[in-house]
Amino acid sequence: MPASPASEVAELPTVPAATDDPSQWGRVDADGTVYTVAPEGERAVGSWQAGDAVEGLAHYARRFDDLRTEADLLVRRLHSGRGDAANVLRSATVLRERLDVAAVVGDLPGLVVRLDAVITAAEQTGRAEKSAKAGAREQAVARKESLIGEAETLAEETTRWKHAGDRFSAMLEEWKSIRGIDRKTDDALWKRFAKARETFTRRRGAHFAELDRERAAAKARKEELVVEAESLQSSEDWGATAGRYKELMTEWKAAGRTSKDADDALWARFRGAQDAFFSRRSATFDARDAEFTQNATAKESLLKEAATIDLSDTDAARAALRSVQERWDEIGKVPRERVREFQTRLKEVEDRVRAAVDKRWSRTDPEKEARVGQFRERVEAYEAQAAKARAAGDERRAKEAEQQASTWREWLAAAERATG
């Protein structure tokens, strides 16, 4: 049975990536012990002796993000509606238990909350799957009972032998496709359906002797279809009329056969009316296609103009893009086979302008600039401490301050690169 649709799964809490800012979630002390930080306090999770503190935090943050990715995969399986809820529940429970001793740096409380929510949602989905299986059986039984009711009605009442025979064939194929019913119930249902088929077959056989009457009825029906087909040949409601002609063709085939001469004459009239309508429709569509082709040429010109938009002045670039978009809408439709192409090419222009605007904003982001200033102040402070200690003859403190200055200098460089 399929899992519950994604729309039925509750929205689950999100967890930030630890590698975006490892220092927010942990620290490395002077002896290399790595701590993860949480609202309830710190917890030692390991030791880092292979490099500086930044590398250590990044290593443990990546390990946290690996666990976060595992949780995200479980969420996607749950939301996709294609995962097995029991397997998701088992995996989420195991992962939740690992968090208590996990040697990682990151938002562990947040990940605990997310996994608890996954476990709850998986339990709910599992119950829904069981309920869905029971409901599917009921639906399967109801579908077969509906087919039986229709079959019994046809068997007792119909005189449209071809139509009814076709319908019985379709119902039989549909019957075979219905699964999920226990053998005993299915056998009882099949006996009722088979009995209706047998009744229909006997009645149809008895009416073969009245073939002449049926041919007369078929001729009358086809004359009605010809009259309607001829009344529609001047219509300009292209879609609805084309659909009706298709239905008329189906009804023609279902009407049965009359004498060959009468059938050929009626068919010639019916086909002539149909051809007249579709010829007029083709001429109209050809004219429309020509207009759409001209529109495509105009939009090609607009795309060439859009390609020359100067992105150095983002305000002017946005104004130029708006002008292109307004004229684009005014031009109108293009041939159907080129709609996606034009949408894609216009979106590329829009994406370039948007990227330029975003880049400009990124360079002037006040929060990033403030962070750069803070890092620069720490570098200067530690450099001043080193100089003061050296002047006082305290070489040990001078080296410690220089090491701190070096660490903050690396962070400063990273922050400056992030601001562009």
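# A Guided Tour of the Helices and Their Salt Bridges

Begin by selecting Glu 402, which counts as partly exposed at 34% relative accessibility. Three classes are used here: buried (under 20% relative accessible area), exposed (over 50%) and partly exposed (in between), all with a 1.4 Å probe and with protein chains only. The areas themselves come from the Shrake-Rupley method with a 1.4 Å probe, and for residues only the protein chains shown count as cover.

Before moving on, note that this is a predicted model, in which local features need pLDDT of at least 70 and side-chain atom pairs count only at pLDDT 80 or more, while totals for chains, interfaces and linings use all residues. Residues are numbered from 1 along each chain as its sequence is written, and side-chain values use heavy atoms, with hydrogens and water left out.

**The first pair**

Keep Glu 402 selected and add Arg 390, which is partly exposed with a relative accessibility of 38%. Their side chains meet in a salt bridge, with 2.8 Å from N to O. Arg 390 belongs to helix H11 (residues 366-391) and Glu 402 to helix H12 (residues 395-418), so the pair ties together parts that are 12 residues apart in sequence. Here a salt bridge is a side-chain nitrogen of Lys or Arg within 4 Å of a carboxyl oxygen of Asp or Glu. Helices (H or I, at least four residues) and strands (E, at least two) are DSSP runs, numbered from the N terminus. In general, side chains of opposite charge can pair when their charged atoms come close.

**The whole chain**

Now zoom out and display the protein as a cartoon. Its secondary structure comprises 12 helices and 3 strands. Along the principal axes, the C-alpha atoms fill a box of roughly 125 × 65 × 25 Å. The radius of gyration is 38 Å, whereas a compact globule of 420 residues would have one near 22 Å; the radius is taken over C-alpha atoms, and the globule rule is 2.2 Å times the number of residues to the power 0.38. Of the 420 residues, 34% count as buried. Switch on the surface: its accessible area is about 25,700 Å², and 50% of this belongs to carbon and sulfur atoms.

**Further salt bridges**

How many salt bridges does the rule give in this model? The count comes to 36. One of them joins the side chains of Lys 144 and Asp 186, at 2.6 Å from N to O. Lys 144 lies in helix H3 (residues 108-157) and Asp 186 in helix H5 (residues 183-207), so this pair ties together parts that are 42 residues apart in sequence. Is Lys 144 buried or exposed? With a relative accessible area of 2%, Lys 144 is buried, whereas Asp 186, at 21%, counts as partly exposed.

Next, select Arg 221 and Glu 251, which form a salt bridge whose closest N and O atoms are 2.4 Å apart. Arg 221 lies in helix H6 (residues 211-232) and Glu 251 in helix H7 (residues 238-254), so the pair ties together parts that are 30 residues apart in sequence. Arg 221 is partly exposed at 29% relative accessibility, and Glu 251 is partly exposed at 24%. Extend the selection with Glu 224, Glu 228, Arg 244 and Glu 247: together with Arg 221 and Glu 251, these residues are linked in a network of salt bridges.

**Three single residues**

Select Gly 165, which is located in helix H4 (residues 161-177). At 15% relative accessibility, Gly 165 counts as buried. Which residues does Gly 165 touch, not counting those up to four places away in sequence? They are Phe 200 and Arg 204, where contact means heavy atoms within 4.5 Å. Gly 165 and Thr 201 are 36 residues apart in sequence, and their C-alpha atoms are 8.7 Å apart in space.

Move to Ser 282 in helix H8 (residues 260-307). Ser 282 is partly exposed, with a relative accessible area of 38%. From its C-alpha to that of Trp 238, the distance is 9.9 Å, and the two residues are 44 residues apart in sequence.

Finish at Arg 27 in strand S1 (residues 26-28), which is partly exposed with a relative accessible area of 33%. Leaving aside neighbours within four places in sequence, Arg 27 is in contact with Thr 33, Val 34, Tyr 35, Glu 42 and Leu 57. As a last step, draw a distance from Arg 27 to Glu 156: their C-alpha atoms are separated by 84 Å, and the residues lie 129 residues apart along the chain.
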